[in-house]
Amino acid sequence: MHFSSLSARQFMFLTALFVIGDTILYVPSNVAFVAGQDAWISGLIASCAGLLLVSLYGILGKQYPRMLLIDICESAFGRFLGKVVGLWVILFFFIDSGVLLWQIGDFMSTHILMATPIQASLILFIAIIVMGVRLGPDVLGRASEIIFGWSAVLFVLFMVMLSPNFEGRHIQPLAENGLSPIVRGSFLLIGYYLESFILISLFPYFKHTGSLSNVLRKGMLIGSSVLALTILTCILVLGKDVTVINIFPTYILAQKISIGGILERIEVVIASIWIFTLYFKLSLCFHAAIRETAQLFKVKDYKILSFPSAVLVVAASLILVPNVSYFNTLIIQTWWPYTLTQGLLLPLLLLGIPKVKSLVSASKR
């Protein structure tokens with residue numbers, strides 16, 4: 001089986017873009033809803049948890065070098081049960097792809113192309129995703145080196161231009177309602193970081209297995225730091241209440257930027273950061289879905305699955321998330337427990353089962 005190669009730098013950038021993904025626009029509102037003005041502390045806690053998670057994935061990659069997730073499941077669970085577990089994981093990849101696609105459609109229909117049906121935005125965006133995925137992970141890796149740089153510049157400018165609007169009173173008092181809301185807020189972010197489990201499908205394309213954990217940690221640190229800083233900025237500028245009531249608080253932040261009456265209304269430029277990061281997250285998720293499906297059913301060229309899978313993802317996005325209220329309920333109440341089974345329980349089983357097998361076989365000797 002031939003895999004193209006990703007450099008350590010490309011893999012780090014892809015990890016960082018994946019972690020930021022859809023969260024930079026949506027998540028501050030949901031975390032503030034749970035943790036209040038202490039949402040930024042939830043972001044810091046979640047960052048620490050994210051570093052532990054990707055370290056776990058790095059260990060998994062070293063134990064099963066250059067193997068797709070389907071092959072890892074079959075190696076750990078056996079041929080039949082491994083395929084069943086693999087099918088369950090692929091279903092998660094398609095569900096996640098559908099939810100991610102809906103978010104871009106909802107944002108475009110709400111703020112950019114108000115008179116355009118959401119279906120048109122979904123079809124146009126998934127078409128670009130299919131183009132990128134068919135070119136392969138190596139092309140996405142090279143593109144990440146360009147996009148990451150531009151996104152970083154835009155983000156730094158965003159922070160600098162907002163700094164005059166910071167108000168320290170918005171984050172006081174600290175831990176007013178105790179630690180429970182802070183911990184629950186961190187669970188929401190951790191639920192997103194658990195999606196990094198999808199990156200395991202990219203491991204065979206990374207040839208430097210020995211440095212895998214280190215590269216993943218760097219990518220997670222960059223991505224989670226951006227999110228924690230974004231949440232803090234939302235609270236400092238908008239305050240807890242305004243952050244909570246706006247679905248896209250980061251977009252509202254950009255509307256606050258006004259420099260000399262000349263530099264104004266640049267929120268669409270700032271929103272491009274989110275569009276870039278969401279593109280890479282959805283591309284990697286969609287690639288994992290069709291690549292693992294091809295491996296499960298022994299399809300030689302996974303690219304032939306891209307078009308029918310794209311139709312499936314568009315339909316799934318409209319069925320899985322009928323409206324914004326449902327989406328917020330899904331994220332706050334359901335998403336992190338669901339991703340916990342995929343992003344923590346399954347990797348622990350994949351690591352633990354071979355060790356249990358070896359102990360059992362050793363005891364029989």
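# Chat on V130, helix packing and backbone angles

Trainee: V130 first. Buried or exposed?

Mentor: V130 is buried, at a relative accessible area of 5%. Buried means under 20% relative accessible area, exposed over 50%, and partly exposed in between, with a 1.4 Å probe and protein chains only.

Trainee: What sort of model is this?

Mentor: This is a predicted model: local features need pLDDT of at least 70, side-chain atom pairs count only at pLDDT 80 or more, and totals for chains, interfaces and linings use all residues. Residues are numbered from 1 along each chain as its sequence is written, and side-chain values use heavy atoms, with hydrogens and water left out.

Trainee: Back to V130. Where does V130 lie?

Mentor: V130 is in helix α6, residues 118-135. Helices (H or I, at least four residues) and strands (E, at least two) are DSSP runs, numbered from the N terminus.

Trainee: What does V130 touch?

Mentor: Leaving out residues up to four places away in sequence, V130 touches F286, S306, F307 and A310. Contact means heavy atoms within 4.5 Å. H287 is 157 residues from V130 along the chain, yet their C-alpha atoms are separated by 8.7 Å.

Trainee: How do α6 and α12 cross?

Mentor: The axes of α6 and α12 (residues 306-320) come within 10 Å and cross at roughly 145 degrees. Axes are lines fitted to C-alpha atoms, for helices over the stretch in contact, and angles run from 0 to 180 degrees between N-to-C directions.

Trainee: Which residues make that contact?

Mentor: From α6, I118, Q119, L122, I126, V130 and R134. From α12, S306, F307, A310, V313, V314, S317 and L318. They divide into nine nonpolar, three polar and one charged. Ala, Val, Leu, Ile, Met, Phe, Trp, Tyr, Cys and Pro count as nonpolar, Asp, Glu, Lys and Arg as charged, and the others, Gly among them, as polar.

Trainee: Which hand is the crossing of α6 and α12, left or right?

Mentor: Right-handed. A crossing is left-handed if the near helix is turned anticlockwise from the far one by less than a right angle, and right-handed if clockwise.

Trainee: New helix pair. How do α1 and α9 pack?

Mentor: α1 (residues 8-20) and α9 (residues 212-245) pack at about 35 degrees, with their axes 8 Å apart. Their crossing is right-handed. The contact residues divide into 13 nonpolar, four polar and one charged. F11 and M12 of α1 are among them, and so are G219 and G223 of α9.

Trainee: What about the nonpolar core? How many residues are in the largest one?

Mentor: The largest nonpolar core has 126 residues. Such a core is a set of buried Ala, Val, Leu, Ile, Met, Phe, Trp, Tyr and Cys residues joined through side-chain atoms within 4.5 Å. F11, Y57, L69, L101, F158 and L350 have the most contacts inside it.

Trainee: Which helix gives the largest share of this core?

Mentor: Helix α11, residues 267-296, with 16 residues. S283 is also found in α11, and S283 is buried at 0% relative accessibility. Beyond its neighbours within four places in sequence, S283 contacts I129, V133 and L140.

Trainee: And L350, what does L350 touch?

Mentor: Not counting residues up to four places away, L350 touches L60, Q63, Y64, L69, I72, C73, A76 and F77. On the same count, I353 touches A76 and F77. I353 sits in helix α13, residues 324-364.

Trainee: C73 is a cysteine. How many disulfides does the structure hold?

Mentor: Zero. A disulfide here is a pair of cysteine sulfur atoms within 2.5 Å.

Trainee: Why is C73 without a bond to C285?

Mentor: Because the sulfur of C285, the closest cysteine sulfur, is 16 Å from that of C73, too far for a bond. C73 is buried at 0% relative accessibility. C234 is buried too, with a relative accessible area of 0%.

Trainee: Last topic, the backbone. Where is the cis peptide bond?

Mentor: A cis peptide bond joins Q172 and P173, with omega about -5 degrees. P173 lies in the loop between α7 (137-162) and α8 (180-193).

Trainee: Which non-glycine residues have a positive phi?

Mentor: R66 has a positive phi of about 55 degrees, and phi of K298 is near 55 degrees. Most residues other than glycine have a negative phi, and most peptide bonds are trans.

Trainee: Where do R66 and K298 lie?

Mentor: R66 lies in the loop between α3 (39-63) and α4 (69-77). K298 is in the loop between α11 and α12. R66 is partly exposed at 36% relative accessibility, whereas K298 is exposed at 54%.
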